[in-house]
Every structure is written in C-alpha cells, then in structure tokens.
Amino acid sequence: MNLILFGAPGAGKGTQTGSLIDTYHIPAIATGDMLRAQRRAGTALGEQVKSYMDRGELVPDNLMIDIIKERLQKPDAKNGFILDGFPRTVAQAEALDRKLDQLGRRVDAVIYLRVSRQVLIDRLSHRYSCRTCDAVYNFAPQQAGNLPRCSVDGGDLYQRPDDRPEIVAHRIDVFLKHTAPLIDYYTAQHKLENIDGQMSVDDVRADITRRLSALRKGAGSR
Ligand code: AP5
C-alpha cells in the first residue's frame, strides 16, 4: 500500500500513523518529523528550514521534493509507505507522481482527515511534544508549568514554536491556500477517502481501516 495521510495541521495525521504501521507493516514518512530531526542534529538543512517552520510557512518545494525522492528509494519503503505531511502543494504532488511512475508504482489512496478550524485550534493549544522523540501529549495550557517527562524516552515536553496560537492560525491559512487544492487533485484521480476527523481517535482509526480493507478487496477482485 502506498498511502498519503492528508489534512490540516492538527487533523490527527501523526496520531493515526502508528496503527497503520502496525496493520500494514510499512514505514511512516513524516516530513515534519524528518525536518525537526535535522534541526535537532544541527545540520545545514535543519538550519535552512528553521525559519520557515517557526513562522508556519511551507519549506520550499525543491528542498522537500529532494528529501522525499531520496527517502522513497530506501529499502524499507520498497513494499509501501505512509506519507504524513507530503505532498503539501500541487507541485509536490506532481513530483511524487512522476517519481512513483519511474519506480513503476503509484499512490493507492489519500486519507483526508476533515476537521473544522475551531477544533484544529483547540487541539493544537493542548498539544505538547517530546523534544527528543516527537511523541505527542495533551495537557491544558494551565498545566504547562508542571509537565511530566516523556514516557517513551524521558525527554523534555515542550510546546512546538509553531503551535503558538498566532502561528497555528497562519498554518491553517497556508493549508487552505496551498494544500487544500490537493483535494481536487486527488479527487480527480479517484483516490481521495474523505473521513470525518472529528470522531474519536478509535473511530477515525476504524473508519480508515474499513476503507482501506474495502480498497484492498476491490483491488484483489480486479
Ligand atoms: P508537520 O509536523 O507535518 O505539521 P502539520 O502538518 O501541521 O501537522 P501536525 O503535526 O501539526 O498535526 P497532525 O495532523 O499530525 O496532528 P496530530 O496527530 O499531532 O509540519 C511542520 C512544518 O514543517 C510545516 O509547517 C512546514 O513548515 C514544514 N513542512 C513539513 N512538511 C512539509 C512539506 N511537505 N512541504 C513544505 N513544508 C513542510 O494531532 C494533533 C493533536 O490532536 C494531538 O494533541 C492529538 O493527540 C490530538 N488528536 C488527534 N486526533 C484526535 C481525535 N480524533 N480526537 C481528539 N484529539 C485528537
């Protein structure tokens, strides 16, 4: 399965990838996590992308397309992948289609997690992330002075700079302007699975699983 998890900031893409990895045994390729890892490692790329990310702007297409092309060639992506955070522009989607075409592959499905602006803002105001492993936690803002350590690796929990309310508002605007056109792009390819991302985490997961099973059955019977 070659899957794309698609949705606005805070739609729940990262939350849903874990169960998909377990079900389909394919890697998640989360571009935001990859960029944050570069920043933590202090690489030149990390330095280059820092100001875009902290302002809630998109990193330029040419950089992102090179990163993804290289990542898709890695052996673990040979039998499929879950893209989280890519593509984010029509240019990125076209580059992905061209690259997969060269590899004799294609996108099988695009899972669109549909969530209202107010719910996105509310979710991201409660989100805290581990500084070292990106694990996600939810706390009320008033608990910020008394946060536990990350239960995965003991790391420090923090609020991502781009989860500040004014940056979240801008990220949602950037999504609507540059990324939402992909809804039409993938609808035209008959690949979009439009899912109510405001259900509980378990119900969203169940809906994704049900639709992917139906797609696999359909593909198997053709
Ligand atoms: P990235 O890290 O990809 O951020 P994003 O797409 O804005 O996504 P988020 O991580 O904010 O949200 P999510 O959908 O994963 O939600 P989550 O599951 O955590 O990108 C960051 C930056 O990197 C970009 O702004 C850009 O600068 C750059 N970048 C990355 N890729 C790029 C690209 N391709 N091109 C250009 N630039 C790029 O959930 C959010 C919260 O909600 C959590 O607290 C979670 O617990 C909670 N939650 C999730 N689901 C539910 C539910 N069903 N019910 C209740 N709560 C829920």
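This report walks through a predicted model of a protein with a ligand, going from the ligand to the strands and then to a few single residues.

## Around the ligand

Let's start with the ligand and its neighbours. The shell around the ligand holds 32 residues, and the ones that come nearest are Thr-15, Glu-57, Arg-88, Asn-138 and Arg-171. Sorted by character, the shell has twelve nonpolar residues, eleven polar ones and nine charged ones.

Now look at some contacts with oxygen atoms of the ligand. Gly-12 uses its backbone here: an N or O atom of that backbone lies 3.0 Å from a ligand oxygen. Lys-13 uses its side chain, with a polar atom 2.8 Å from an oxygen of the ligand. The side chain of Arg-127 also takes part, placing an N or O atom 2.7 Å from a ligand oxygen. How much of the ligand's accessible area does the protein cover? On its own the ligand has 1000 Å² of accessible area, and the protein covers 91% of that.

Which elements give two or more residues to the shell? They are helix α1 (13-24), helix α2 (31-40) and strand β6 (136-138). The largest share comes from α2, with four residues.

## Strand β1, covered on both sides

Next, find strand β1, which spans residues 2-7. Six of its six residues are buried, so the strand is largely enclosed by the rest of the structure. Here's a handy idea for reading it: in a regular strand, side chains alternate between the two faces of the sheet. On one side of β1 you'll find Asn-2, Ile-4 and Phe-6, and on the other Leu-3, Leu-5 and Gly-7; both sets are buried.

What does β1 pair with? One partner is strand β3 (residues 81-84), joined to β1 by four bridges in a parallel arrangement. Another is strand β4 (residues 109-114), which also runs parallel to β1 and is joined to it by five bridges. Leu-5 is a good residue to click on: it stands opposite Asp-84 in β3, and opposite Ile-111 in β4.

## Strand β5 and its partners

Strand β5 covers residues 127-130, and its residues are buried too. Arg-127 and Ser-129 point one way, while Tyr-128 and Cys-130 point the other way. You've already met Arg-127, whose side chain has an N or O atom 2.7 Å from an oxygen of the ligand.

β5 pairs with β6 in the antiparallel sense, over three bridges. Five residues sit between these two strands in their hairpin, where Asp-134 takes a positive phi near 70 degrees. β5 also runs antiparallel to strand β7 (residues 157-158), with two bridges joining them. Ser-129 shows both pairings nicely: its bridge partner in β6 is Val-136, and its bridge partner in β7 is Tyr-158.

## Cysteines without a bond

How many disulfides does the structure hold? The count is zero. Take Cys-130, at the end of β5's residue range. The cysteine sulfur closest to its own is in Cys-133, but the two are 3.7 Å apart, which is too far for a bond. For comparison, a disulfide needs the two sulfur atoms to be within 2.5 Å.

Cys-150 is in no disulfide either, and its nearest cysteine sulfur, the one in Cys-130, is 3.8 Å away. Are these cysteines buried or exposed? Cys-130 is buried, with a relative accessible area of 0%. Cys-150 counts as buried as well, at 4% relative accessibility.

## Three residues to look up

Thr-31 sits in helix α2. With a relative accessible area of 3%, Thr-31 is buried. A polar atom of its side chain lies 3.0 Å from the backbone oxygen of Gly-85.

Asn-138 belongs to strand β6, and is among the residues that come nearest to the ligand. At 58% relative accessibility, Asn-138 counts as exposed, because the cut-off for that is over 50% with only the protein chains considered. The C-alpha atoms of Asn-138 and Leu-124 are 8.8 Å apart, and the two residues are 14 residues apart along the chain.

Finally, His-170 is in helix α7 (residues 165-179). It is partly exposed, with a relative accessible area of 28%. His-170 and Gly-56 are 114 residues apart along the chain, yet their C-alpha atoms are separated by 6.3 Å.

Terms used
Residues are numbered from 1 along each chain as its sequence is written. This is a predicted model: local features need pLDDT of at least 70, side-chain atom pairs count only at pLDDT 80 or more; totals for chains, interfaces and linings use all residues. Side-chain values use heavy atoms; hydrogens and water are left out. A residue is near a molecule or strand if one of its heavy atoms lies within 4 Å of it. A polar contact is a pair of N or O atoms within 3.5 Å; within protein, one must be able to donate a hydrogen and the other to accept it, and residues adjacent in sequence count only if both atoms are side-chain atoms. Accessible areas come from the Shrake-Rupley method with a 1.4 Å probe; for residues, only the protein chains shown count as cover. Ala, Val, Leu, Ile, Met, Phe, Trp, Tyr, Cys and Pro count as nonpolar, Asp, Glu, Lys and Arg as charged, and the others, Gly among them, as polar. Buried means under 20% relative accessible area, exposed over 50%, partly exposed in between (1.4 Å probe, protein chains only). Two strands pair if DSSP finds at least two bridges between them.
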